[in-house]
Amino acid sequence: MASIRCQSTFDDIRSEFKNTLKAAFKKHNYEILEKKVASFKSTEIDTKTPLDQAFREVLLHLLSEEADVTVLRSFIQFSIEACRKHLTTPTMPVVLLGDIFDTLTLDVCQSMFSFVEDNVQVWKEDLFFTGCKNNLLRLCNDLLRRLSRTTATVFCGKILLFLAKFFPFSERSGLNIVSEFNLENVTEYGTDNSTDDIVTEIISGEQKHVIDFPFYCKFWKLQDFFRNPNQCYDKVQWKVFCTHSMNILNTFQGIKLDYVNSSDQTSNVGYFAKYLTSQKLLDLQLHDVSFRRSVLLQFLIVFQYLTSSVKFKSDTYELKPDQKEWIQSACEKVYALLRETPPDGENFANIIKNILKREELWNSWKNDGCPEIKKLLPQSEPAEAPKPKKATMLLGDLVKDANKDGKFYIGNTELTKLWNICPSNLDACKDRDFLPSLDDYFADAVTQVESANPTKDDENLLKDCNFGWRALRLLARRSPYFFSINTQNHPLPKYLELMVHKIKTHEKPGRHDENSQEAQTEQEMEENILTEEQNTEDFKQNEYFAEENNPRQEPTKVSNDIRQIIVEKVAPEWEKLGTKLGYKADEIEWFKNENKKRIDQAKHMMDLWFEDDEDANLDNLLYILEGLEMNEAAEAVRNEINTMTD
């Protein structure tokens, strides 16, 4: 019964609020709604929930009557003022906007979205931002999913610009934190040459450029590298990229453009989301100014990514010095082409250079973790006049003054103080003994040995490898005599324990006074010398036998004559061998496109393998050929190995 009574109460309050809201909105009088809400303050009834529901029901009534966009905007503005008066929840205006966009057509939505753009400062207020930001993001994403990216580019751009204005720079939902690429943006072009090949010859000066099907494929193949520049870190794909890029850039350099400044042409310039890839249009596109600038700009963007330091880039993605030099020369060539491209090419090239320089700043910002960027607001009260700063001396004057006094000026207070403790560096290094005495270093170890309680292995200094390594070095400096003991059959802890006992009994291992030197007889010295010579002779003999049993083998260099013999044998089945050597399908296809004859294709592959692969030698090649059952080629390689061995 209690639940039925509560439900009845809620419905009654919602119905009263609905009628009051209609009257208040019709007269644009907020006081009517405020008085109605105030009448329930004496009770403990929640008024925001039924009032929120009343707002949505009134909006549904307006939508059913096909109200004008102006009326809908006025109703949303009314809900905003109600939120500011704390009558409804702060998310109510955005919830109402979501209902409107879900109901209306896209054309009406575009008119209604201008209201959302104009009130971006309202949504950024503290009252609305925290609660509405997720709802606004969901609203915009729903609209983007309904829109076509090719036919509704203007509306899509407005939505993206609104999100950029609404969210701060550091909002992670709008940042490409891990530097991913849009791999779904695939440029499709005709790769089937079954129809008649279109060949166009362009004569520029004394040069003749042929625009045929292979050139067409190379040109649009570059779009795949622009889509995913990480392919360039592969050695084979890098060569493909370099070959195609230089071919395109040389063609651009040979074809000069004549730009006609006409008011008719400038007024009818259209915007295309993506260029067409038909082979019949390539000749016209090469003579188009905007098309050429777009392609050259793509080159510069890829070059900047390949040479810049990106936080989330793999460690293996690093260019070699010769690759960086090639990018530098290609970049200069692209800028030269931009300056030659009319109209006003010099100014356009400078603008592009400044834009890419700003991109380096944004890249550094992302590498630092995208820290929040806050704009300093102007102070409401005038600040006090700053106190005049003391005149600071120039760095050169400070150094000169310090030199006059015979001192050094380093630039840092602590370093300057440290550097001037002793004017002479040589004098500062004199009488400075960095080695501790044996008593000081072995003091803790002596304490552990003398202790009645046994020491744990993990706490025993004599079994600590770091302590033992330093102890041996200290004994080598303080007492070389004790290294005459044969430690081959004695572990290091036992040897150190012996040293500790000698220190305990005051047999100072580090004592090098005259009495200890006289105590060593000539016979002991001769025995030490003989022992040292014998150890040296044994070491040399062991080294000789080690070299005889394991002779060093220099890497075998394969001459061009031997390569030619191998190429002739593997040419009939070089694709099978290439797959086993690690080349991918597109790389094998590249070998075929670069060379027409099979023997030239095989030679190109084998030369590349012998030059770039660290494991490229005849023994590995013989093993691979035997596994592929290429018996004739394997026999030829085996004969060459036997000939070189003999």
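Lys-36 has a relative accessibility of 23% and therefore counts as partly exposed, the classes being buried under 20% relative accessible area, exposed over 50% and partly exposed in between (1.4 Å probe, protein chains only). The side chain of Lys-36 meets that of Glu-16 in a salt bridge with an N to O distance of 3.0 Å; a salt bridge is taken as a side-chain nitrogen of Lys or Arg within 4 Å of a carboxyl oxygen of Asp or Glu. Because Glu-16 lies in helix H1 and Lys-36 in helix H2 (residues 30–38), this pair ties together parts that are 20 residues apart in sequence. Glu-16, at 34% relative accessibility, is likewise classed as partly exposed.

The model is predicted: local features require pLDDT of at least 70, side-chain atom pairs count only at pLDDT 80 or more, and totals for chains, interfaces and linings use all residues. Residues are numbered from 1 along each chain as its sequence is written, and side-chain values use heavy atoms, with hydrogens and water left out.

The protein chain contains 31 helices and 2 strands, where helices (H or I, at least four residues) and strands (E, at least two) are DSSP runs numbered from the N terminus. Of its 646 residues, 32% count as buried. Among contacts with a separation of 6 or more, 68% join residues 24 or more positions apart, contact meaning heavy atoms within 4.5 Å. The exposed area of the protein chain is about 43200 Å², of which carbon and sulfur atoms supply 50%; accessible areas come from the Shrake-Rupley method with a 1.4 Å probe, and for residues only the protein chains shown count as cover.

In the whole structure, 20 salt bridges were found. Within helix H1 (residues 2–27), Asp-11 and Arg-14 are 3 residues apart and so are separated by about one helical turn. Their salt bridge has its closest N and O atoms 3.5 Å apart, and Asp-11 is partly exposed at 27% relative accessibility. A further salt bridge joins Lys-592 to Glu-575, with the closest N and O atoms 3.8 Å apart. This pair links distant parts of the chain, Lys-592 being in helix H28 (residues 585–594) and Glu-575 in helix H27 (residues 574–580), 17 residues apart. Lys-592 is partly exposed at 33% relative accessibility, whereas Glu-575 is buried at 19%. Asp-11, Arg-14, Lys-18 and Glu-57 are joined into one network by salt bridges that share partners.

Helix H11 (residues 235–254) includes Gln-237, which is buried at 8% relative accessibility. Beyond its neighbours within four places in sequence, Gln-237 contacts Phe-225, Gln-231, Asp-586 and Glu-587. The C-alpha atoms of Gln-237 and Phe-225 are 9.0 Å apart, with their positions 12 residues apart in sequence. The side chains of Gln-237 and Asp-586 form a polar contact of 2.7 Å; such a contact is a pair of N or O atoms within 3.5 Å, for which, within protein, one must be able to donate a hydrogen and the other to accept it, and residues adjacent in sequence count only if both atoms are side-chain atoms. Ser-245 also lies in helix H11 and is buried at 0% relative accessibility. With neighbours within four places set aside, Ser-245 contacts Leu-222, Phe-299 and Trp-326.

Trp-326 is one of the buried residues of H15, which also include Ile-327, Cys-331 and Tyr-335. The cover over the buried residues of H15 includes H11, helix H14 (289–307) and helix H16 (345–367). At 1.5 Å a residue, the 20 residues of H15 (residues 321–340) should span 28 Å, which agrees with the 29 Å between its end C-alpha atoms; the expected span is 1.5 Å times one less than the number of residues. In the loop between H15 and H16 lies Pro-343, and the peptide bond from Pro-342 to Pro-343 is cis, with omega near -5°.

Most residues other than glycine have a negative phi, and most peptide bonds are trans. Ser-179, in the loop between helix H9 (153–166) and strand E1 (200–204), has a positive phi near 60°. Glu-629 also has a positive phi, of about 60°, and is exposed at 63% relative accessibility.
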